[in-house]
Structure formats: structure tokens, C-alpha cells
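Morning, everyone. I'll talk you through one structure today. Have a look at it first.

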Amino acid sequence: GERVFAFFGKSGVYAFDLDGKPSWQKFVGSESGPTEWGTGASPSIYKNLLLVNACDETQALIAFDRTSGEEVWRVEAQLYEGSYSTPVVGQAADGSDEIVIPLSDEIWGIDPGSGKLKWWVAESLGKYICTTPVIGDGVAYVAASSKVIAIRLGGVGDVTQSHTLWARNAGPGVPSPVLDKGKLYWVGTNGILTCADAGTGKTVWRKRMGKGNRNITYASLTKANNVWLSMTQQAGTIAFRIEPEFEELSVNQFNGDNTPFKCSFGAANGELFVRSDQYLYCIAENGNADLAEVESQLPKQRVTDAFSSMIQGARMFQGRSGNSVGTAKIQMTYDVNNDDKISPVELAESPMPKFVQSIMMAKGDENKDGFIDAKEREKMQDSMRGKPGEIIGRKNAANRPVRPPVFAEVDSER
């Protein structure tokens, strides 16, 4: 690899080289969807493209040249709503590649070369879809809270009747499913593990993990040989096997970290990576890190260092919660000492992630005295988008097509 990519929603898309030096950044939009949650999808790589699901920010899927950062294409539409799903690419029976994106009321197949819509399936999956589809043998398995659906890739236009293989109720919610040996496995947000037949969608078995406790789970399953890992928010990592029969092996926790774990494991070079709301962990066979020592070294400071050249041009955005209290008071919710200044210690008591706190201090403390004073606060506030009482919402939705033109229709016009 040559670069690391990150997507921070309204703050934009960032590219770094492997030494941490910024390569490029691009803004993708400043709108907000109905939930006003912000972004939730990771960028993904396809050949020379970086695919970014900017559903919340601008109702669009955008492809950037991953070397230069230049926009190659975008597909946007009014129906592009409710998707917090990472773009995935699968191969149809004819050998063509397709990007699969689930939306609130439809599932789309998009040509990665042009960004044009190839097909859609009319299926309401709910207000928001947090899961990422899994693809195997030319079939896309799309899951949401209310439903799991299997779609054969390929086709043109409305393929709801012709390409839907099966659909079933009771999906996982936030975690994505895993396809393994003809079975679909997922752990629900409620901590219940489900095994379903990938050919029919019928349930093979269900197990409540964690010794009967209700363990809220957002992370997707991870498989390592015959051992599976399920990271819960607060109850630790549950290790289990399913062959020759289901068996819980252990529950492992990070002592001293009481913040929730909401992300899935990442694996590279024999090491596992996972983060909580406070720390990033690397797990290895001979790992011996001491959490107290790590905390004393303030590892999050590196975020400010890495982003320092970008923060100066960063954009600050304001959502509904901020607008509801008015321009003059938004940041004073952090003024615990009531001295009309905001310090890093006061920001640390807020629910914001530490890297956001670092960015806010770097952006707001212009005179570098260690505080965001009243004048600096007002300047930051003026730079925020929106007016008191205004919800950013879909400012440009009316100018977008309901659905993009279909790939075959566009091709026939050339």
C-alpha cells in the first residue's frame, strides 16, 4: 500500500502517505439526512478509485482518483437516502463489476467505471442501513434491522422480481453478516447470534451469546480459522467456535477502559486492531502494552499533529442540537467553570471524541494561550453553517433526479 484514507463526513475525505504526511483532502458536502447523525460509512478502494458514500452529506456516491484526489464521477439522487453502508464491489455472471449500495427504499447496482446506475431492487429496508453487503458467487446479501435479502447480480433497470432470490425478516441491525461455507452468520444488535442458510435465508439456529446476558453489539463478526470473535460494546470480546458445535470459549476485556467498543476488528500481518471510544489497540501474540503507561503518553496528541496542516482550512459545522440553543450559547455548554473560556480539561468532559476535541482546540485557540476565549468562540461560531433554529437538511434535493439514469439507457445515447 501507498496511502491511508479516512472519511470524516462534513469535514471531508483525507489521504495520508504511510509516514502520516497529508497527501490530499476533499470536501463532499454539508447537508444532513433525516437522522442528522452524520456519516457512518468507510471509504473503499476499487482499482484506481476511492469510493465514498456521501449519502448524508450530499445524497451521492463519489469516486475520487486515489492518487490525485480529483473527482472522477458522482451519482446522486433524491432516493439516495438512509445509507451508512460501505461501498462493496461484486462480479456478476457476465464478468462485469458492480457496486452494491443499499438505501432506505431501494438497493442499487452501479457501474464502477462510469458511476451510472445499472439496476435497482425496490425493497424498503427501513430509515437507515448501517450494514455492509456481503457478496459471494454472484449474489449480494443485504441486511438491515428489519430484513435480509439475497439479490443475484446483473440485469438492467428494475430487477426486483427477476433477481430477488429470497427475503426474510429479522435482520442484524448494525453489525454486517459474514458468509462462510454456504451459511450466513450475524450477531444482532441485541447480542443474539444467527446462522441462516445462504441459499434459502431460513434460520438454521440462533444462540444468545455472553452466558445469557443481553450484550449490545455494533461490531461485525470476525473469523480466524475455527475461532470467531464478537466484540460487544461493554461486555468484552466473546470468542466462540461453531464446529463441530457451538461453544463459547472465552470472554476477554480491556481492563481500565470503560468506554464502549462499537467498531469491528481489523486484521493485518498477524495482528488485530480495534478501537474503543478512547483508545486504539493492537493485539499481537507477544503484546505487552500497559494501558496506564499508554495513557500517560497522550497518544491522541498525534491526531492534532497529523491534521495540523489541514485543520487551518477545516470547516466547522453545526447540527440541530447546536442550532436549538442559539449561536451565542452553543459552545458555552462546555464552559464548566463558567468563566467565559473553554479549556481542554472542560472539553474532555464533553461526549465528543478526543480527536474532535483536539481539532476544536487547534481551530479555536488562535492566540495559543490554551483557551478558547469569548472572541475566538464567536469567530468559530460565525464560521459554522446554518442559522439559529435552522436545520441544515437537504438544501439541493429538489435539483437532483429522483433516480439516476440507467447505465444501458445512457450507453444507447452515445
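Let me start with a term: two strands pair if DSSP finds at least two bridges between them. Keep in mind that this is a predicted model. Now take strand β19, residues 192-197, and strand β20, residues 203-208. They pair in the antiparallel sense, over five bridges. One of the partners is easy to find: A196 is bridged to T203 in β20. Between the two strands of this hairpin sit five residues. Look at G201 there: its phi is positive, near 85 degrees.

Next, the cores. In soluble globular proteins, nonpolar side chains tend to be buried together. Here, the largest nonpolar core has 18 residues. Which strands supply at least two residues each? They are β5, β6, β7, β9, β10 and β11. Among the residues with the most contacts inside this core are L51, L61, W73 and I110.

Stay with W73. Leaving out residues up to four places away in sequence, W73 touches L49, L51, L61, I62 and A63. Its contacts also include I99, I110 and the run from D111 through P112, G113 and S114 to G115. There is a second, separate core too, of 15 residues. W119, A140, I149 and L153 are included in that one.

Last, the cysteines. A disulfide is a covalent bond between the sulfur atoms of two cysteines. How many disulfides do we count? Zero. Is C55 buried or exposed? C55 is buried, because its relative accessible area is 2%, and the cut-off for buried is under 20%. C282 is partly exposed, at 44% relative accessibility.

Conventions. Residues are numbered from 1 along each chain as its sequence is written. This is a predicted model: local features need pLDDT of at least 70, side-chain atom pairs count only at pLDDT 80 or more; totals for chains, interfaces and linings use all residues. Side-chain values use heavy atoms; hydrogens and water are left out. A nonpolar core is a set of buried Ala, Val, Leu, Ile, Met, Phe, Trp, Tyr and Cys residues joined through side-chain atoms within 4.5 Å. Buried means under 20% relative accessible area, exposed over 50%, partly exposed in between (1.4 Å probe, protein chains only). Helices (H or I, at least four residues) and strands (E, at least two) are DSSP runs, numbered from the N terminus. Contact means heavy atoms within 4.5 Å. A disulfide is a pair of cysteine sulfur atoms within 2.5 Å.
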